[in-house]
Amino acid sequence: MNIEKLKKQILDHEGFRDVVYLDHLGNPTVGIGHLIKDNEPWKVGDKLDLSTIDKLFQYDVNIAMKDAKDFIKIDVSDECLMILTNMAFQLGRNRLSGFKKLKQAIHDSNFEQASLEMLDSRWNTQTPHRCRDLSERMKNVR
C-alpha cells in the first residue's frame, strides 16, 4: 500500500490545524484529526510544532491500518485497504466494527454492495462528503 498516498487522502479529509481545537463533537483535536487523549498534556488553544504533529499522525495512521486489517481479516486490494484505513482513522476500531454488512460484502467481493452499505449509515449523515467519496472509490474496487 502506498502510505504517502493514504496519508494525503486522510489529510484531504481531515484538514490540518496546529492549534488544539474542539471538533464538531466537542472533542479536543489537533494536527490531522488527532483526538487528544486524557493522558496527553495539551489543551484547547495549545499550539504544537510540526514534528510533534507528524509523530502523532504517523502513530494514528499505524493504528488505523492495524484496525482496518483486524476488521476485514482477509487479504484485500491496496485500494480497499486504503478505504478501510481511512474509515478506521475517522471512526476508530469500535465504530468500524459495526459495519458488519460492509465486511460481508467485501468478503463476497461485492464492492457495489459494500459501497451501498457505507452509504446506509449514520456516518453518511455525519460526514457525507467523506463517506460518499470513499463509497464511490469502494464501488470501483476490483
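A charge sits over a ring if NZ of Lys or CZ of Arg is within 6 Å of the ring centre and within 35 degrees of the ring normal. In this predicted model, R17 and Y21 give one such case: the charged end of R17 sits over the ring of Y21, at 4.0 Å from the ring's centre. K103 does something similar with F71, lying over the face of that ring at 5.6 Å from the ring centre.

Rings also pair up with other rings. A pair of aromatic rings is described by the distance of the centres and the angle of the planes. The structure turns out to hold two aromatic pairs. One of them is made by F57 and F89, with 5.8 Å from centre to centre and 75° between the planes, an edge-to-face arrangement. This pair links distant parts of the chain, since F57 belongs to helix α2 (residues 50-72) and F89 to helix α3 (residues 78-96), 32 residues apart. Both partners are tucked away from the surface: F57 is buried, and F89 is buried too.

The rings of F99 and W123 also pair up. Their centres are 6.0 Å apart and their planes stand at 90°, so this pair is edge-to-face. For planes, over 60 degrees counts as edge-to-face. Here too, distant parts of the chain are linked: F99 is in the loop between α3 and α4 (100-107), while W123 is in helix α6 (residues 122-126), 24 residues away. Once again the rings are hidden, with F99 and W123 both buried.

Next come the charged side chains. How many salt bridges does a search of the whole structure find? The search turns up 10 salt bridges. One of them joins K7 and E4, whose side chains meet at 3.6 Å, N to O. K7 and E4 are three residues apart in helix α1 (residues 3-14), so about one helical turn separates them. How much of each partner is accessible is another matter. K7 has a relative accessible area of 10%, so K7 is buried. E4, on the other hand, reaches 55% and is therefore exposed. The cut-offs behind those words are under 20% for buried and over 50% for exposed.

D46 and K43 make another salt bridge, with 3.5 Å from N to O. K43 has a relative accessibility of 55%, so K43 counts as exposed. R93 and D67 form a salt bridge as well, and their closest N and O atoms are 2.8 Å apart. What does this pair tie together? R93 lies in helix α3 and D67 in helix α2, so the salt bridge ties together parts that are 26 residues apart in sequence. R93 is partly exposed, with a relative accessible area of 42%, whereas D67 counts as buried at 7%. The story of R93 and D67 doesn't stop with each other, either: K66, D67, D70 and R93 are linked in a network of salt bridges.

D60 is a charged residue without such a partner. It is found in helix α2. D60 is buried yet has no salt bridge, and the nearest side chain of opposite charge, K37, is 4.3 Å away. Why does K37 not count as a salt-bridge partner of D60 at 4.3 Å? A salt bridge needs a side-chain nitrogen within 4 Å of a carboxyl oxygen, so 4.3 Å misses the cut-off. Setting aside neighbours within four places in sequence, D60 is in contact with H34, K37 and F89. F89 is also the residue whose ring pairs with that of F57.

The cysteines come next. A disulfide is a covalent bond between the sulfur atoms of two cysteines. The structure holds zero disulfides. C80 is in none, and the nearest cysteine sulfur, that of C131, is 14 Å away. Since a disulfide requires sulfur atoms within 2.5 Å, the 14 Å between C80 and C131 rules that bond out here. C131 is likewise in no disulfide, with the sulfur of C80 as the nearest cysteine sulfur. Are these cysteines buried or exposed? C80 has 0% relative accessibility and therefore counts as buried. C131 is at 0% as well, so C131 is also buried.

Last comes E136, placed in helix α7 (residues 128-139). Its relative accessible area is 40%, so E136 is partly exposed. E136 and N62 are 74 residues apart in sequence, and their C-alpha atoms are 24 Å apart in space.

Definitions and conventions. Residues are numbered from 1 along each chain as its sequence is written. This is a predicted model: local features need pLDDT of at least 70, side-chain atom pairs count only at pLDDT 80 or more; totals for chains, interfaces and linings use all residues. Side-chain values use heavy atoms; hydrogens and water are left out. Rings of Phe, Tyr and Trp (its six-membered ring) pair if their centres lie within 6.5 Å; planes under 30 degrees apart count as stacked, over 60 as edge-to-face and the rest as tilted. Helices (H or I, at least four residues) and strands (E, at least two) are DSSP runs, numbered from the N terminus. Buried means under 20% relative accessible area, exposed over 50%, partly exposed in between (1.4 Å probe, protein chains only). Lys and Arg count as positive and Asp and Glu as negative; His and the chain ends are not counted. Contact means heavy atoms within 4.5 Å.
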